[in-house]
Amino acid sequence: MGSSSADFMAALHIARREHEAGDAENRNAAAQSISEILGQLLIGVDHVGFAVADLDEAVSLWSSMGLREVHRERNDDQGIVEVMMTVGTGTTQIQLLAATSDSSAIASWLSKRGPGIQQIAYRVHDVAAAAEGLRMLGFTLLYELPKRGTHGSLINFVHPKSCGGVLVELVEHISLD
Ligand code: V0V
């Protein structure tokens, strides 16, 4: 990536000043600039998260389709235990998410909707900058500051109510960038 996080933050703040100060036409142009910066921050789809009731059963199901388990981790902050599975030789993964406590977002999802797709995760160069840009455009971010995700990544989420009914996770892989 050519630009640093500081460059992105600076560009976002210039666009925000223009957005706040401008008339309707300038506000539209500033919003367009923010979207372009967000486009540069996006790397691709990191994973799609599936809520599952039984982790081993789900691993067995997806393994039978040829997916391969590559990582298993417990995250008590999120109230989950997860398995990452690779799809073919590509870099996109699916993430199987089982609840470890009744207060977990996955337990709530399972009780209301049952097993299924719970989230899509976009890999970004800088999660704080991406979250800031999205806030400027009116999206609701779940966390003020990023939290710890899989493999020590930094994560935040866009609330599905502000995002067309889709829970979007932002992931920054510290070691892969
Ligand atoms: C809830 N809703 C969803 C949704 N969860 N819509 C789409 N996708 C989802 N995943 C809708 C739900 O149908 C309701 O709509 C409304 O939002 C409020 O639902 P709720 O059941 O009351 O849910 P809340 O408000 O208790 O919780 C929703 C949020 C929660 C998004 C705030 O799920 C959350 O905190 N998620 C982020 C954390 C997370 O998902 N952790 C597990 C993965 P109606 O009925 O009002 O229309 S951890 C992870 O991915 C890691 C570690 C990683 O990748 O590294």
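A nonpolar surface patch is made of residues with over 30% relative accessible area and no salt bridge, whose nonpolar side chains are joined within 5 Å. In this predicted model, Leu42, Val45 and Tyr122 make such a patch, of about 220 Å². Tyr122 belongs to strand S5 and is partly exposed, with a relative accessible area of 30%.

Strand S5 is part of an open sheet of eight strands with mixed pairing, and a walk across this sheet follows the order S2-S3-S4-S1-S5-S8-S7-S6. Strands S2 (68-75) and S6 (147-148) stand at the edges; each has a single partner strand, so one side of each is left without a neighbour in the sheet. Further in, strands S7 (residues 154-158) and S8 (residues 168-172) run antiparallel and are joined by five bridges, with Val158 finding its bridge partner in Val168 of S8. Helix H2 (residues 24-41) lies across strands S1 (42-51) and S5 (116-124), at about 75° to S1.

Turning to charged side chains, the structure holds seven salt bridges. One of them pairs Asp46 with Arg123, whose closest N and O atoms are 2.7 Å apart. This pair links distant parts of the chain, since Asp46 in strand S1 and Arg123 in strand S5 are 77 residues apart. Asp46 is buried, at 2% relative accessible area. By contrast, Asp76 and Arg74, which meet in a salt bridge at 2.8 Å (N to O), are both exposed.

Helix H5 offers another example: Glu132 and Arg135 form a salt bridge (3.3 Å, N to O). Because these residues lie three apart in H5 (residues 127-136), about one helical turn separates them. Glu132 counts as buried at 15% relative accessibility, whereas Arg135 is partly exposed at 28%. Salt bridges with shared partners join both residues and Arg16 into one network.

Technical notes. Residues are numbered from 1 along each chain as its sequence is written. This is a predicted model: local features need pLDDT of at least 70, side-chain atom pairs count only at pLDDT 80 or more; totals for chains, interfaces and linings use all residues. Side-chain values use heavy atoms; hydrogens and water are left out. Two strands pair if DSSP finds at least two bridges between them. Helices (H or I, at least four residues) and strands (E, at least two) are DSSP runs, numbered from the N terminus. Contact means heavy atoms within 4.5 Å. Axes are lines fitted to C-alpha atoms, for helices over the stretch in contact, and angles run from 0 to 180 degrees between N-to-C directions. Patches are made of residues with over 30% relative accessible area and no salt bridge: like charges are joined within 9 Å, nonpolar side chains (Val, Leu, Ile, Met, Phe, Trp, Tyr) within 5 Å. Accessible areas come from the Shrake-Rupley method with a 1.4 Å probe; for residues, only the protein chains shown count as cover. A salt bridge is a side-chain nitrogen of Lys or Arg within 4 Å of a carboxyl oxygen of Asp or Glu. Buried means under 20% relative accessible area, exposed over 50%, partly exposed in between (1.4 Å probe, protein chains only).
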